[in-house]
Amino acid sequence: SEDRPVDGEYFVLERLLTGDTIVMATDGVWDNLWEDDLITVVTEPTLSKRSSSHNGWDDPSRQGSPEGVARRISEAAHLLARDPGYRSPFA
C-alpha cells in the first residue's frame with residue numbers, strides 16, 4: 001500500500017466526559033454498520049441481532065464490559081456483512 005501515516009485521519013476529542021465510549025474500529029466494522037446502528041449495538045445490548053450464548057457474552061454482568069461491547073460490535077458487523085439484502089454504508 002502506498003498509504004503513509006500522514007495520510008490517515010486525525011481527530012482531537014475535546015468534549016469527552018467520564019463514561020463516554022470511544023469506538024475505534026477497522027473498515028470491517030465501518031463498512032457494515034451505520035453510525036446509528038453502532039450506537040444501538042453499544043448502548044442497548046438486548047437489541048443485538050443475535051445472542052452470544054458462548055463464553056458468557058450474554059451474561060448481563062459482562063454486557064457493558066469492553067469485551068462484551070467489542071463482541072457485540074464484531075458479531076453485528078459480521079452478520080450484516082453476510083446479509084445480501086442489507087444496504088450497508090459500503091454499498
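Trainee: Where along the protein is the place of S88?
Mentor: In this predicted model, S88 belongs to the segment that comes after α3.

Trainee: Is S88 buried or exposed?
Mentor: A residue is called buried when its relative accessible area is under 20%. With a relative accessible area of 11%, S88 is therefore buried.

Trainee: Which residues is S88 in contact with, leaving aside its neighbours within four places in sequence?
Mentor: Once those neighbours are set aside, the partners of S88 are D31, N32 and W34. Take W34 as a case of sequence and space read together: 54 residues separate S88 from W34 along the chain, and yet their C-alpha atoms are 7.0 Å apart.

Trainee: Where does N32 lie, since it has just been named as a partner of S88?
Mentor: N32 is found in the loop that joins α1 to α2. Its relative accessibility is 14%, so N32 counts as buried. Beyond the residues up to four places away in sequence, N32 touches D27, A77, L80, A81, Y86, S88 and P89.

Trainee: How many helices and strands does the secondary structure of the protein come to?
Mentor: There are three helices and zero strands, and reading along the sequence gives the pattern α-α-α.

Trainee: How can I judge the span of helix α3 from its residues?
Mentor: The idea is to allow 1.5 Å a residue and then look at the distance between the end C-alpha atoms. Helix α3 has 16 residues, residues 66-81, which means that it should span 22 Å, and the end C-alpha atoms are indeed 22 Å apart, in agreement with that expectation.

Trainee: Which residues in α3 are buried?
Mentor: A general point helps first: an α-helix has 3.6 residues a turn, so residues three or four places apart point the same way. In α3, the buried residues are G68, V69, R72, I73, E75, A76, A77 and L80. Among the elements that cover these buried residues are α1 (27-30) and α2 (35-43).

Trainee: How do the axes of α2 and α3 cross?
Mentor: One reads the approach of the axes, then the angle, then the handedness. The axes of α2 and α3 come within 9 Å of each other, and they cross at roughly 140 degrees. An angle has to be over 145 degrees to count as roughly antiparallel, and α2 and α3 are therefore described as oblique to each other. Their crossing is right-handed.

Trainee: Which residues in α2 and α3 meet?
Mentor: From α2 the residues are L38, V41 and V42, and from α3 they are V69, R72, I73 and A76.

Trainee: Which side chains meet in a salt bridge?
Mentor: The count comes to one salt bridge, in which the side chains of D7 and R4 meet at 3.3 Å, N to O. D7 is partly exposed because its relative accessible area is 43%, while R4, at 52% relative accessibility, counts as exposed.

Trainee: What percentage of the residues of the protein count as buried?
Mentor: The figure is 22% of the 91 residues. As for contacts, among those between residues at least 6 apart in sequence, 59% join residues at least 24 apart.

Terms used:
Residues numbered from 1 in each chain as written. Predicted model: local features only at pLDDT ≥ 70, side-chain atom pairs only at ≥ 80, totals over all residues. Heavy atoms only, no water. Helix = DSSP H or I, 4+ residues; strand = E, 2+ residues; numbered from the N terminus. Expected span 1.5 Å × (residues − 1). Buried < 20%, exposed > 50% of the residue type's maximum accessible area, 1.4 Å probe, protein only. Contact = heavy atoms within 4.5 Å. Salt bridge = Lys/Arg side-chain N within 4 Å of Asp/Glu carboxyl O. Axes fitted to C-alpha atoms, helices over the stretch in contact; angles between N-to-C directions. Parallel < 35°, antiparallel > 145°, perpendicular 65-115°, else oblique. Left-handed = near helix turned anticlockwise from the far one by under 90°.
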